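User: Could you take a close look at one helix for me, and walk me through its surroundings? I would enjoy one connected account rather than a list.

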Amino acid sequence: MKVGVTGASGFVGGALVKHLSANIAGCSVLAISRGPVYDFKKNGERLETLKVRDYSDTGLYEKNFEGLDVLVHVAAKVHDMSEKHSNVLEAYREANCSNTLKLADAASRMGVKRFVFLSTVKVSGEFSQHGKALTELSDNEFKDAYATSKFEAERALMNDFSSLMDIVVIRPPLIYGPGVKANFNTMMVWLVRKIPLPLGSIQNKRSLVSIDNLIDFIVVCSEHPAAANEVFMVSDCQDLSIRDILVKLGGALGYSAKLIAVPELFLRVLSKVLGKQEVVNRLCNSLVVNCDKAKELLDWSPPFSLDEGFKKTAEHFLSSDVK
């Protein structure tokens, strides 16, 4: 089997390339990226790579997609809370929808059998109601630019290409693992710096997925016949409050979480005054996903526990210079 991976220099794409190259027997990999990729040698041969300036060059794809069985599209313009300019939606649409469809068109014409698209839980919802997990059928009508672009790509892939090749859509929640950036990395910085956090009273629930569990699921979706033309939620299948996440993560790092029991209502009122409502929403609201479809249709369950994922992530963080 030959697998193409876009975003091969990124957090998810890089991990997927390493796993496929090192652990999947009989698998060859085409690593597609705008940046340098993992330099792996197998049987004395270097990893096959394709360097691109962006993901809109259809002609370049056609020259390199011949012989691919599966294309896993990980590359994306990711969600950025700081973006405010007026053309942000069009920028996301160009990167996450238009370029995805150009990739799919080239792949279908070159005989690729399956196209696996890494989407986002934000298509299903920003948050979940108490006691009600998000499923593949959940639809968040208040999508931001990032989620809108991913949703439009999902819909076009299923409508326009599912008769030409298998389409598989994966909607992960927050992904963590060695080398993770953004919010998860920030939490580890808080913990090792022993910063008091006013989150001791928060009893929400959050779904997470470790990079190792996500990679395992992507591999299953690349091969399993029942995954064809389906949408899946994925997680570690262990949902925690932000308080419990900080306690467990602190334990993995060797630093006790300094949590102050501030009432949630006070945090929300203060965040409104300070204009930080989105930050507090992400910390205090619930976001739980239901993975029953993956379990039942693909017989999949996460091979790694959340504790294992936290331990591996913490060890990498402690060995780095990002603290």
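Analyst: Happy to! A residue is called buried here when its relative accessible area is under 20%, and exposed when that value is over 50%. By that cut-off Tyr92, at 2% relative accessibility, counts as buried; Tyr92 lies in helix H3, residues 88-109. Please keep in mind that this is a predicted model.

With that scale in hand, let us turn to helix H6, which runs from 211 to 223. H6 has 13 residues, and from its first C-alpha to its last it reaches 19 Å, close to the 18 Å expected at 1.5 Å a residue. How much of H6 is buried? The count is 10 of the 13 residues, so the helix is largely enclosed by the rest of the structure. The buried set starts with Ile211, then Asn213, Leu214 and Ile215, and continues with Phe217, Ile218, Val219, Val220, Cys221 and Ser222.

Ile211 is a good place to step from the helix into the space beside it. Together with Gly14, Ala15, Lys18 and Asp212, Ile211 is among the residues nearest the centre of the second largest pocket, whose lining has 19 residues in total. That pocket has a volume of about 430 Å³. Both H6 and helix H1 (11-23) give at least two residues to the lining, and H1 provides the largest share, with six. By residue type, the lining consists of 10 nonpolar, five polar and four charged residues.

Further along H6 we come to Phe217. The structure holds seven aromatic pairs, and one of them joins Phe217 to Phe232 in an edge-to-face arrangement, with 5.8 Å from centre to centre and 80 degrees between the planes. Since Phe217 belongs to H6 and Phe232 to strand E11 (residues 230-233), the pair ties together parts that are 15 residues apart in sequence. Both Phe217 and Phe232 are buried. The ring of Phe232 has another partner too: the charged end of Lys293 sits over that ring, 5.2 Å from its centre.

Lys293 brings us to helix H10, which spans 292-298. In the loop between H10 and helix H11 (306-318) we find Asp299. Although Asp299 is not a glycine, its phi is positive, at about 55 degrees. Is Asp299 buried or exposed? At 69% relative accessibility, Asp299 counts as exposed.

Ala182 makes a nice companion to that residue. Its phi is near 55 degrees, again a positive value in a residue other than glycine. Ala182, however, is found in a helix, H5 (residues 182-192), and at 56% relative accessibility Ala182 counts as exposed.

Two further aromatic details round out the surroundings. Tyr176, Phe184 and Phe310 form one aromatic cluster. Elsewhere, Lys143 lies over the face of Phe151, at 4.3 Å from the ring centre.

Finally, back to Tyr92, where we began. Tyr92 and Asp307 are 215 residues apart along the chain, and their C-alpha atoms are separated by 34 Å.

To sum up your helix: H6 is largely enclosed, with 10 of its 13 residues buried. Ile211 and Asp212 are among the residues nearest the centre of the second largest pocket, while Phe217 forms an edge-to-face pair with Phe232.

Terms used
Residues are numbered from 1 along each chain as its sequence is written. This is a predicted model: local features need pLDDT of at least 70, side-chain atom pairs count only at pLDDT 80 or more; totals for chains, interfaces and linings use all residues. Side-chain values use heavy atoms; hydrogens and water are left out. On a 1 Å grid over the protein atoms alone, a cavity is a set of points where a 1.4 Å probe fits but cannot get out, and a pocket is an open set with protein on both sides within 12 Å along at least five of seven lines; lining residues have an atom within 4 Å of a point. Grid points are joined across faces, edges and corners, and a volume is the space filled by probe spheres set on the points. Helices (H or I, at least four residues) and strands (E, at least two) are DSSP runs, numbered from the N terminus. Ala, Val, Leu, Ile, Met, Phe, Trp, Tyr, Cys and Pro count as nonpolar, Asp, Glu, Lys and Arg as charged, and the others, Gly among them, as polar. Rings of Phe, Tyr and Trp (its six-membered ring) pair if their centres lie within 6.5 Å; planes under 30 degrees apart count as stacked, over 60 as edge-to-face and the rest as tilted. Buried means under 20% relative accessible area, exposed over 50%, partly exposed in between (1.4 Å probe, protein chains only). A charge sits over a ring if NZ of Lys or CZ of Arg is within 6 Å of the ring centre and within 35 degrees of the ring normal. The expected span of a helix is 1.5 Å times one less than its number of residues.
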